[in-house]
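Here are my notes on this one, as numbered points. Have a look at the structure first, then read on.

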Amino acid sequence: MTSIDPILVIDDDEVLRSMIVEILTDEGYPVIGAADGAQGLKVALGSVLTLILLDMRMPTMNGWEFVKAYREQSGRPVPIVVCTAASNASLWAEEVQADGFLAKPFGLEELLTTVHHFVSGAGVSAV
Amino acid sequence: MMTLVSEPVVGDGAMERDLLVEEARRAQALAEQALNLRDEFVSIAAHELKTPVASLKLCAQMLERRMSKGSAKPEDVTRGLRTIREQSDRLGRLIDGLLDISRLQAKRFMLDVCRTDVVSLAGSVCSLMTPLLGEHTVEFEAPESLWADVDPLRVEQIIVNLLTNAAKFTVGPRPIQLKIAEEGSTVAISVRDFGLGIPQEARDTLFNRFHQAHSAKHHGGMGLGLYISREIAEAHGGTLEAEHPPDGGAKFVLRLPLSSRPDEAAG
């Protein structure tokens, strides 16, 4: 069994965030949820992570602000996948030089395939 | 030799042309601004609509997956169905907002007016809304009854919108005050919060269509609520105004004409 560092899910929509957390937990991934960029940044700087799933439009600290602060302050930034309902999801991902994007409403398979891609890229697999 | 100088005529023509060019520039800038605002609105509306769709999709797929694996517990199914119902309601409300905008623009906005006890109506809204306002409590203050000729569903819509905004822009457990008072020939329904308040630069455009006072920080919503609410108030011959209390927060006052036949109404 390979241990995996947690995946951080940052989304201000509580229902959607819980859903993503539950789906990934069902698959055996350790997951941490955060309600906005500020909360996410606190977690991200204080933990070793495998991947960050990031919503962009959020109160307190949005996705752009999060990426900037995280990359400035983190010694070892992990891949970021932008999850957004914007029509220009790929453009927003490019803007922040994210490693991938999921355009809402994404399905369960898309979510799992994307997460698996980055987790296996990190040299670990879900239990 | 006498020289005929036609400069003043040329000058007038040039001035007129300059004015026309300037006017055209201004019109173009306004049109561009309106287009940008529309694009921004479409982007926000898409975001707002896609988020519940995403929850619906993931919820259904998660249940399906658990059921096919035989790992779905009865409580998972109950919770999943509740999520589906709540997210469908959320989508319905968003679509209602868009339809209201469309009706307002086409001047097809109809009121179904009847004599209504505004105090009783606001009290019911307050009771129904309290569980949905999270950590915020509502302090309700009103006389026994005040009657007005209004469309009760539309007035309810305004109060719901004001209470929802108050909760959305208030961080931490602070009270929201809902007060009703008689002011001459009108009934004043005010919703006061102790939250973020309205930034100075957003005050002039607060009731504009597609406007969000805190747009830089996404708090959800499409920026239609206050615009629709003011249109509804005005369709009743009333007003909806924002006040900015010096000690912080925001206060919105809805004023509606009192019924001219209160005795009959009360009977």
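1. Starting with where the two chains meet: chain A and chain B each put 19 residues into the contact. Bear in mind that this is a predicted model. On the side of chain A that touches chain B, helix 1 of chain A (residues 14–26) gives the largest share, with five residues. By character, the residues on that side of chain A split into 11 nonpolar, four polar and four charged.

2. Now the sheet in chain B. Five strands make up an open sheet with mixed pairing, in the order 2-4-5-7-6. Strand 2 (138–141) and strand 6 (239–243) of chain B each have a single partner strand, so they sit at the edges with one side lacking a neighbour in the sheet. From one strand to the next, the twist averages 15°.

3. Which way does strand 6 of chain B run relative to strand 7 of chain B (residues 251–257)? The pair is antiparallel and is joined over five bridges. If you want a spot to check by eye, B:Leu240 has B:Leu254 in strand 7 of chain B as its bridge partner.

4. Helix 3 of chain B (residues 118–129) lies across strand 2, strand 4 (176–183) and strand 5 (186–192) of chain B. Its direction is at about 175° to strand 4 of chain B.

5. Helix 4 of chain B (residues 152–168) looks regular in length: its 17 residues reach 24 Å from first C-alpha to last, close to the 24 Å expected at 1.5 Å a residue. The buried residues of helix 4 of chain B include B:Val155, B:Ile158, B:Ile159, B:Leu162 and B:Leu163, but also B:Arg154 and B:Lys168.

Methods. Residues numbered from 1 in each chain as written. Chains lettered and ligands numbered in written order. Predicted model: local features only at pLDDT ≥ 70, side-chain atom pairs only at ≥ 80, totals over all residues. Pairing = 2+ DSSP bridges. Helix = DSSP H or I, 4+ residues; strand = E, 2+ residues; numbered from the N terminus. Axes fitted to C-alpha atoms, helices over the stretch in contact; angles between N-to-C directions. Contact = placed C-beta atoms within 7 Å. Nonpolar A, V, L, I, M, F, W, Y, C, P; charged D, E, K, R; others polar. Expected span 1.5 Å × (residues − 1). Buried ≥ 20, exposed ≤ 12 C-beta atoms within 10 Å, placed from the backbone.
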